[in-house]
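Biologist: I'd like to go through some of the labels attached to this model. Could you show me the reasoning behind each one?

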Amino acid sequence: MTHSRHPEHETEALRLERAVEAMEAALRHRAEHWFEAGATPYSNRVLNRGLRVDLLETLENHRDKPYFGRLDFRDHLGRSRSVYFGYAHLDVPHGTVLDWRCDLYTLFVSGTARRQSYRVRHTGVTHTVELSLKRRLDIQARTLRSITDDVDWRETPMSGPAAAPVQKPAEAFLINRLAERGDPRLQTIVETLQVDQDAIIRAPAAGLRLVHGVAGSGKTSIAYHRLAYLLYQDHSERRRAEDALVIGPNRLFLGYVRDLLPDLGVRGVVQNTFADWVWRRMAETNRTLRSPEMVVQGPPLSGVNGRLKGQLRFGTLLERYVVQLEQHLEFPAHPISFPITAEGHEERLVLTPFEVRTLHRLAMQGGSSTDARRERFLDLGREHLRKWFRSAFSIRPDTEGALSSLTRSVIARLARVWPRPDLLRAYNQVFAMDVLQRHGADLYSADELTRLATSAPGSVTGEEGAVRIVLEPADHAGLHVLNRALYGETARWYTHIVVDEAQDLAPLELEQLLASSRPLSMTLVGDTAQSIHAHGGVDDWSELTAQLPPDQVHLHVVRRNYRSTREIVGFCNGVLRAVQGARAVLSEPVGRSGPIPLVQAISSPALLVEAVMESLQSLQARGLRNIAVITRDPAAARETATALRRREIKCRVLDEQEGDDSAEPITGVLVIPAALAKGLEFEGVIVQDASESAYPSADVRAGALLYVAVSRALHILHILHVGVRSGFLPESQLYFGDIQGPLNNAVQHEQY
């Protein structure tokens with residue numbers, strides 16, 4: 001029940017006041033006192049750097065909001081219990097605050113039936129309890145704002161004899177929270193966690209969890225909360241944050257979500273784009289790798305070419321090419337002579353072609369990479385000449401100089417036989433037609449080989465005269481495969497890997513991540529309807545999951561849209577149906593309503609900026625704080641921002657250069673290309689030009705991009721178009737239709 005003033009408000013407010021006072025006292029005590037329970041000064045230092053710091057951080061981070069929920073029940077032993085739930089385990093005067101990741105929290109998330117059960121993860125035992133009270137406490141800045149009881153089965157004067165409760169308060173609480181959203185950064189969903197979301201979060205860590213979530217389903221939040229749950233230290237696995245990895249689609253997105261894990265009490269998780277992760281991995285073993293400043297991230301080439309590079313067969317081609325590099329060296333055709341003078345006479349070390357080839361054959365019998373085998377080849381050369389030197393001279397202080405000189409000469413000559421590989425040069429050579437035909441004739445068609453031959457990395461010369469390599473996004477996975485073969489890889493295994501916007505992941509990129517997950521434990525979240533890149537990604541999850549046995553892949557389908565109003569969800573469903581037809585997996589809205597999306601025709605391009613300004617003023621008049629003007633591409637974003645600034649409209653362009661360490665908030669008036677808007681959300685959205693020329697109805701990728709643009713809005717959506725509107729825009733403003741849509745049935749899946 002929800003009232004303007006709950007009958008137990010004063011009681012709960014007093015408990016909160018005492019809890020905050022106790023936490024303040026504990027914080028002062030811990031700040032002034034050090035642990036001295038260790039057996040040695042060293043163990044005391046360890047305790048104070050670890051446990052004491054953790055306690056101080058916990059008290060500091062949660063004293064403004066110690067908890068948010070209360071659960072009263074009779075346990076399986078018949079004992080009456082009352083517990084509070086928060087973001088961390090805390091001791092307070094009226095009892096214990098349990099971390100939301102504990103097993104008991106599943107009772108708080110689940111329904112309001114009087115008899116319920118929960119499973120203790122560590123023991124596997126299921127306990128049945130009798131629910132008495134499920135209460136939500138809205139606490140902000142140490143103040144109790146309101147109380148919402150999802151159910152109250154207690155027999156008290158306040159509620160009278162126990163009666164069947166109405167389950168509407170929980171839905172109302174969720175809708176109110178959704179309506180209040182407007183913070184530019186991704187927020188926790190712990191307090192409004194739904195049963196379907198919680199089931200995925202608490203699913204076993206083993207295997208690959210693939211979450212197909214419609215736009216606004218909270219799939220990113222699910223992935224991050226799942227990681228926080230798996231890293232919960234009360235679990236027996238004892239995973240460490242530094243052994244987890246998050247892969248995001250771009251740096252702007254990582255900046256948008258960067259505060260979520262710390263808000264959930266998790267620090268130290270590596271969060272990278274795939275490209276950044278690859279370069280860091282390669283630099284660990286490749287001492288010759290050029291600095292990132294010598295590499296230019298160029299625009300994607302044609303879609304077919306990029307996707308050819310992202311397939312597993314391209315990795316096979318690269319591995320075959322490395323074998324060729326190691327076998328076809330510049331072996332000497334004639335004996336090589338090295339004169340050396342020591343102990344008053346001259347001798348000659350002669351290396352015959354047969355001996356050089358023998359050194360190579362022995363070197364090829366060991367080593368995990370080309371560079372390791374090359375070093376073994378040179379070491380065998382050193383060993384050979386030392387044996388020869390011992391037979392010709394005595395090794396003693398006065399001959400060491402001669403031996404060193406001979407060694408330098410021999411190693412320099414052998415290094416010309418087997419030069420150190422250059423990653424970028426070797427990668428570029430792969431695209432020579434003769435190399436492609438030699439190693440890829442059974443992997444690709446003749447037309448595909450021709451396309452690959454035209455997709456070699458380019459180069460540009462800077463003003464300073466330095467030559468810089470131009471790579472496209474599809475090149476990074478292949479570079480990583482080649483670097484691993486040439487230089488090896490450090491033994492770095494992640495206990496859990498999260499990939500967001502996984503539909504943008506190429507099969508070869510997933511192969512790289514799978515190789516770094518031992519034992520296999522991954523969570524992939526995405527939406528194939530938002531596969532917007534012609535140069536990479538997948539249109540069907542089977543393109544990724546085919547790498548694994550079916551019993552290791554678990555597909556979850558989340559259909560409910562928690563982001564947008566019912567009216568916006570209906571409009572987006574119409575766009576999606578126009579793009580994907582019967583394949584579309586449509587969204588289910590929550591019961592939150594708002595204005596019907598506005599579709600406005602603009603007669604000429606010259607009037608487009610004025611129309612954008614009018615929409616901005618309309619949304620700002622409604623009190624919206626962060627508004628996105630979404631354009632077709634980066635060029636349109638820059639042009640629109642320039643035009644707005646000329647009219648004294650303060651705005652900011654979001655682009656690829658936005659880093660995850662940017663301190664500037666994603667708020668105000670933002671102009672952003674549609675591709676970069678994916679994964680983000682805004683209070684209000686203005687789609688700058690949804691015309692047929694910008695999003696042609698013959699181009700499915702353009703349709704997916706338009707779907708991304710219109711599905712970013714929380715509360716209000718305006719769509720402008722110059723001339724003919726895109727054929728992907730629905731005729732009807734609202735569309736719910738058949739929410740059932742086909743997905744790959746080759747893997748185990750659950751639908752919510």
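**Reasons behind the labels**

Modeller: Happily! Counting each Lys or Arg side-chain nitrogen within 4 Å of an Asp or Glu carboxyl oxygen as a salt bridge, we arrive at 47 salt bridges. Do keep in mind that this is a predicted model.

Biologist: What makes Arg70 and Asp72 a salt bridge?

Modeller: Their side chains meet at 2.8 Å, N to O. The cut-off is 4 Å, so the pair of Arg70 and Asp72 qualifies.

Biologist: And how do you know whether Arg70 and Asp72 are buried or exposed?

Modeller: Buried means under 20% relative accessible area. Arg70 has 7%, so Arg70 is buried. Asp72 comes to 8%, and therefore Asp72 is buried as well.

Biologist: Which network do salt bridges with shared partners form?

Modeller: One network joins Glu8, Glu12, Arg70, Asp72, Arg135, Asp149, Asp152 and Arg154.

Biologist: Why is the pair of Lys309 and Glu472 called a salt bridge?

Modeller: The closest N and O atoms of Lys309 and Glu472 are 3.0 Å apart. With a limit of 4 Å, the name therefore fits Lys309 and Glu472.

Biologist: What makes you say that this pair links distant parts of the chain?

Modeller: Lys309 lies in helix H10 (residues 303–309), while Glu472 sits in the loop between strand S15 (467–471) and helix H18 (475–487). The two are 163 residues apart. Both Lys309 and Glu472 are buried, too.

Biologist: How do you know that Arg425 and Asp422 form a salt bridge?

Modeller: The closest N and O atoms of Arg425 and Asp422 are 3.8 Å apart. That is within 4 Å, so Arg425 and Asp422 count as a salt bridge.

Biologist: Why is Arg425 called partly exposed?

Modeller: Its relative accessible area is 47%. Exposed begins over 50% and buried ends under 20%, so Arg425 falls in between and is partly exposed.

Biologist: How many disulfides does the structure hold?

Modeller: The structure holds 0 disulfides; a pair of cysteine sulfur atoms would have to lie within 2.5 Å.

Biologist: What makes Cys102 and Cys651 buried?

Modeller: Cys102 has a relative accessible area of 13%, so Cys102 is buried. Cys651 has 11%, and therefore Cys651 is buried too.

Biologist: What about the chain as a whole?

Modeller: Of its 752 residues, 55% count as buried. The protein chain has 25 helices and 27 strands. Among its contacts with a separation of 6 or more, 74% are between residues 24 or more positions apart.

Notes
Residues numbered from 1 in each chain as written. Predicted model: local features only at pLDDT ≥ 70, side-chain atom pairs only at ≥ 80, totals over all residues. Heavy atoms only, no water. Buried < 20%, exposed > 50% of the residue type's maximum accessible area, 1.4 Å probe, protein only. Helix = DSSP H or I, 4+ residues; strand = E, 2+ residues; numbered from the N terminus. Contact = heavy atoms within 4.5 Å.
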